[in-house]
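Biologist: Good morning. Could we go through this structure together, step by step?
Modeller: Certainly; please ask whatever you wish.
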Amino acid sequence: MPESRPRRFDLIAFDWDGTLFDSTAIIVRSIQDAVRDLGYARPSDEAAAWVIGMALPQALAHAAPDVPREKYTELANRYRYHYFKRQEDVTLFPGVLPMLQALRARGHLLAVATGKSRRGLDQVLQMVQLRGMFDGSRTADETAGKPHPLMLQELMAEFDVAPERLLMIGDTTHDLEMARAAGCASVGVAYGAHDPGEFAALGPLCVAPSVAELERWLLEQA
């Protein structure tokens, strides 16, 4: 790829869970265990996976509709207990780190737009290999949750980037809907939480079947 190739996107925003971090299965199990702890019907794998990327209260309400609202705080606490108990078992998808390094070398600004909490994201960003990798981030507990576009709108304002110069990458329809609502382009990944067959209606520029293919597309097209 010629070094002189102009950048199409100045800022590339990534979802975290299921896009960069191989955590889908652990999130699903943690949601199911939290609901079981409270004595309610265990969500299916599909129902638990569908809410990944949403703000935690909204996600738990969708995944466990029979849990009454007054139990949401307890349910969220049980989810956090189960997730943090397992978080040492999750890592970046193979190939993510060199992909991010290649994009930085190309001069792209990199950001995270995630349904995680600020506390949760900051913990994983303390991994030695990720320190200084991202220029900015937004989490669901400090702004609006997906698919509301506020995360991306705030990142565009922070870095003075126009919508057509921002690319959102994610593994769920929530990510792609957020990008569309913000007037930004998107790319889907097929190895995460949602069935990529649902992506076409949301108009992603590409649906990458692997991290390697995502990197190839980004270096050629972004």
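Biologist: Leaving aside its neighbours within four places in sequence, which residues is F134 in contact with?
Modeller: One point beforehand: this is a predicted model. Apart from those neighbours, F134 is in contact with F14, W16, L20, L100, R104, L110, A111, V112 and L125.
Biologist: And which residues touch the most other members of the largest nonpolar core?
Modeller: They are F14, W16, F134 and L218, in a core of 58 residues.
Biologist: Which helix gives the most to this core?
Modeller: Helix α1, residues 24–37, contributes 6 residues to it.
Biologist: What does the second core include?
Modeller: That core is separate and has 17 residues, among them A13, A140, M156 and M178.
Biologist: Let us turn to the sheet. What is the order of its strands?
Modeller: The sheet is open and has 6 strands in the order β3-β2-β1-β4-β5-β6, with parallel pairing. At its edges are β3 (136–139) and β6 (207–208), each of which pairs on one side only.
Biologist: What holds paired strands together in general?
Modeller: Strands of a sheet pair through backbone hydrogen bonds, in either a parallel or an antiparallel sense.
Biologist: How many bridges join β1 to β2?
Modeller: There are 4 bridges between these two parallel strands. In this pairing, L11 stands opposite L109 in β2.
Biologist: And how does β1 pair with β4, parallel or antiparallel?
Modeller: Strand β1 (residues 11–14) and strand β4 (residues 166–170) are parallel, with 4 bridges between them. Here A13 stands opposite M168, and F14 stands opposite I169.
Biologist: Which residues of β1 are buried on each side?
Modeller: L11 and A13 are buried on one side, while I12 and F14 are buried on the other, so both faces of β1 are covered. In a regular strand, side chains alternate between the two faces of the sheet.
Biologist: Which strands does helix α7 touch?
Modeller: Helix α7 (residues 150–159) packs on the sheet and touches β1, β2, β3 and β4. Its direction makes about 155 degrees with that of β3.
Biologist: Where does helix α6 lie?
Modeller: Helix α6, residues 118–125, lies across β2 (109–114) and β3, and it runs at about 145 degrees to β3.
Biologist: Now the loops. Which residues does the cis peptide bond join?
Modeller: It joins K146 and P147, with omega at about 10 degrees. P147 is found in the loop between β3 and α7.
Biologist: What is the phi of D160?
Modeller: D160 has a positive phi of about 55 degrees, although it is not a glycine. This residue is in the loop between α7 and β4.
Biologist: Why does D160 count as exposed?
Modeller: Its relative accessibility is 74%, and the cut-off for exposed is over 50%.
Biologist: Finally, the whole chain. How many helices and strands are there?
Modeller: The chain has 9 helices and 6 strands. Buried residues make up 53% of its 222 residues.
Biologist: What radius of gyration does the chain have?
Modeller: It has 17 Å, which agrees with the value near 17 Å that a compact globule of 222 residues would have. Along its principal axes, the C-alpha trace spans about 60 × 35 × 30 Å.
Biologist: And how much area does the chain expose?
Modeller: About 9700 Å² is exposed, and carbon and sulfur atoms supply 50% of it.

Key. Residues are numbered from 1 along each chain as its sequence is written. This is a predicted model: local features need pLDDT of at least 70, side-chain atom pairs count only at pLDDT 80 or more; totals for chains, interfaces and linings use all residues. Side-chain values use heavy atoms; hydrogens and water are left out. Two strands pair if DSSP finds at least two bridges between them. Contact means heavy atoms within 4.5 Å. Axes are lines fitted to C-alpha atoms, for helices over the stretch in contact, and angles run from 0 to 180 degrees between N-to-C directions. A nonpolar core is a set of buried Ala, Val, Leu, Ile, Met, Phe, Trp, Tyr and Cys residues joined through side-chain atoms within 4.5 Å. Buried means under 20% relative accessible area, exposed over 50%, partly exposed in between (1.4 Å probe, protein chains only). The radius of gyration is taken over C-alpha atoms; the globule rule is 2.2 Å times the number of residues to the power 0.38. Accessible areas come from the Shrake-Rupley method with a 1.4 Å probe; for residues, only the protein chains shown count as cover.
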